[in-house]
Amino acid sequence: MGKPTKVTNSIRALRFAHGEMTQAELADRIGVTRQTIIAIEQGRYSPSLEMAFEIARAFGVPLKEVFQYPEPK
Amino acid sequence: MSFEEKGTWVYAVVTVSTYVAYLTIVLGRAENVPLTEVSYVSTMLWTIAIAVALSVVGHIAVAISKPSEANKSDARDKEIYRFGEYIGGIALAVGMLVPLGLAMAEFDTFWIANAIFLVFVLSTITSSIVKIVAYRRGL
């Protein structure tokens with residue numbers, strides 16, 4: 001429990017780039033609670049693949065622009 | 001705090017407070033008589049009934065306090081619920097070895113019934129704590 005995910009995301013930046021979309025607005029668009037959006041933004045929750053695609057669709061960008069995974073060193 | 005997390009808090013607080021009330025009442029009756037002769041059955045049943053009623057009332061109060069979030073749950077809520085119930089289930093299974101041992105050793109039914117009740121309470125508290133930590137720190 002509490003294991004940090006290596007997945008990073010640009011949701012916060014994308015929200016601001018899309019008319020300063022609020023967390024609540026994004027949550028409504030993809031059908032989750034605002035708390036889940038907060039948890040994803042803070043890296044406390046890794047969404048399912050389907051939810052990740054829904055977030056990317058909400059911003060109209062490819063998945064890789066929303067979520068990133070570090071290359072092995 | 002999401003509706004489901006608030007509901008988890010309600011369940012945890014109700015469970016702890018009603019069990020403490022039960023213990024206070026039952027132990028209060030044991031001043032001049034042995035504990036095994038204390039009347040506890042109706043008190044235990046009432047405690048369970050009141051805990052269920054308070055949980056329902058608490059959930060309704062949470063829903064009324066923020067109607068826009070009432071009964072909203074998503075994939076994360078479900079994952080946290082399953083994880084909490086899984087850990088709570090392990091606690092229940094392990095804990096039940098205590099009343100089983102008491103029954104095999106032919107202890108008084110007072111101890112067996114109260115051990116079962118305590119294990120139920122502890123497993124509920126365990127699952128609630130696991131869920132709350134998962135909400136706060138992540139799965």
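Here are a few worked exercises on a predicted model, dealing with its pockets, its aromatic rings and two unusual backbone angles.

**Exercise 1. Find which residues and helices line the largest pocket, and say what kind of residues they are.**

Step 1. Start with the volume: the largest pocket comes to about 290 Å³.

Step 2. Now look at the wall. The lining is made by 13 residues, and those nearest the centre are Tyr11(B), Ile48(B), Ala51(B), Phe117(B) and Thr124(B).

Step 3. Trace the lining back to the helices. In chain B, α1 (3–28), α2 (41–65) and α5 (109–137) are the elements that supply two or more residues. The most comes from α2(B), which gives five residues.

Step 4. Sort the lining by character. You should get eight nonpolar residues, five polar ones and no charged ones.

**Exercise 2. Do the analysis again for the second largest pocket, and work out how many of its lining residues are charged.**

Step 1. The volume here is about 200 Å³.

Step 2. This pocket is lined by 13 residues, with Glu4(B), Gly7(B), Thr8(B), Tyr81(B) and Lys131(B) closest to its centre.

Step 3. Two or more residues come from each of α1, α3 (75–95) and α5 of chain B. The largest share belongs to α1(B), with five residues.

Step 4. The lining divides into five nonpolar, four polar and four charged residues, which gives four as the number of charged ones.

**Exercise 3. Classify the ring pairs that Phe117(B) makes with Tyr19(B) and with Tyr22(B), and decide whether these residues are buried or exposed.**

Step 1. Set the scene: over all chains, the structure holds five aromatic pairs.

Step 2. Take Tyr19(B) and Phe117(B). Their ring centres are 5.4 Å apart and their planes meet at 70°, so this pair is edge-to-face. Tyr19(B) sits in helix α1 of chain B and Phe117(B) in helix α5 of chain B, 98 residues apart, and the pair therefore links distant parts of the chain.

Step 3. Check the burial, using the cut-off of under 20% relative accessible area. Tyr19(B) has 12% and is buried. Phe117(B), at 9%, is buried too.

Step 4. Move on to Tyr22(B) and Phe117(B). This pair is also edge-to-face, with 5.1 Å from centre to centre and 90° between the planes. Because Tyr22(B) lies in helix α1 of chain B and Phe117(B) in helix α5 of chain B, the pair ties together parts that are 95 residues apart in sequence. Tyr22(B) is buried, with a relative accessible area of 1%.

Step 5. Put the pieces together: Tyr19(B), Tyr22(B) and Phe117(B) form one aromatic cluster. Phe117(B) should look familiar, as one of the residues nearest the centre of the largest pocket.

**Exercise 4. Look at the phi angles of Glu20(A) and Glu106(B), then say where each residue lies and whether it is buried or exposed.**

Step 1. Recall the usual case: most residues other than glycine have a negative phi.

Step 2. Turn to Glu20(A). Its phi is near 50°, a positive value in a residue other than glycine. Glu20(A) lies in the loop between α1 (11–17) and α2 (23–30) of chain A. With a relative accessible area of 57%, Glu20(A) is exposed.

Step 3. Finish with Glu106(B). Here phi is near 60°, again positive in a residue other than glycine. Glu106(B) belongs to the loop between α4 (97–104) and α5 of chain B. A relative accessible area of 71% makes Glu106(B) exposed.

Methods
Residues numbered from 1 in each chain as written. Chains lettered and ligands numbered in written order. Predicted model: local features only at pLDDT ≥ 70, side-chain atom pairs only at ≥ 80, totals over all residues. Heavy atoms only, no water. 1 Å grid on protein atoms, 1.4 Å probe; cavity = no way out; pocket = protein on both sides within 12 Å on 5 of 7 lines; lining within 4 Å. Points joined across faces, edges and corners; volume = space filled by probe spheres on them. Helix = DSSP H or I, 4+ residues; strand = E, 2+ residues; numbered from the N terminus. Nonpolar A, V, L, I, M, F, W, Y, C, P; charged D, E, K, R; others polar. Buried < 20%, exposed > 50% of the residue type's maximum accessible area, 1.4 Å probe, protein only. Phe/Tyr/Trp six-rings, centres within 6.5 Å; stacked < 30°, edge-to-face > 60°.
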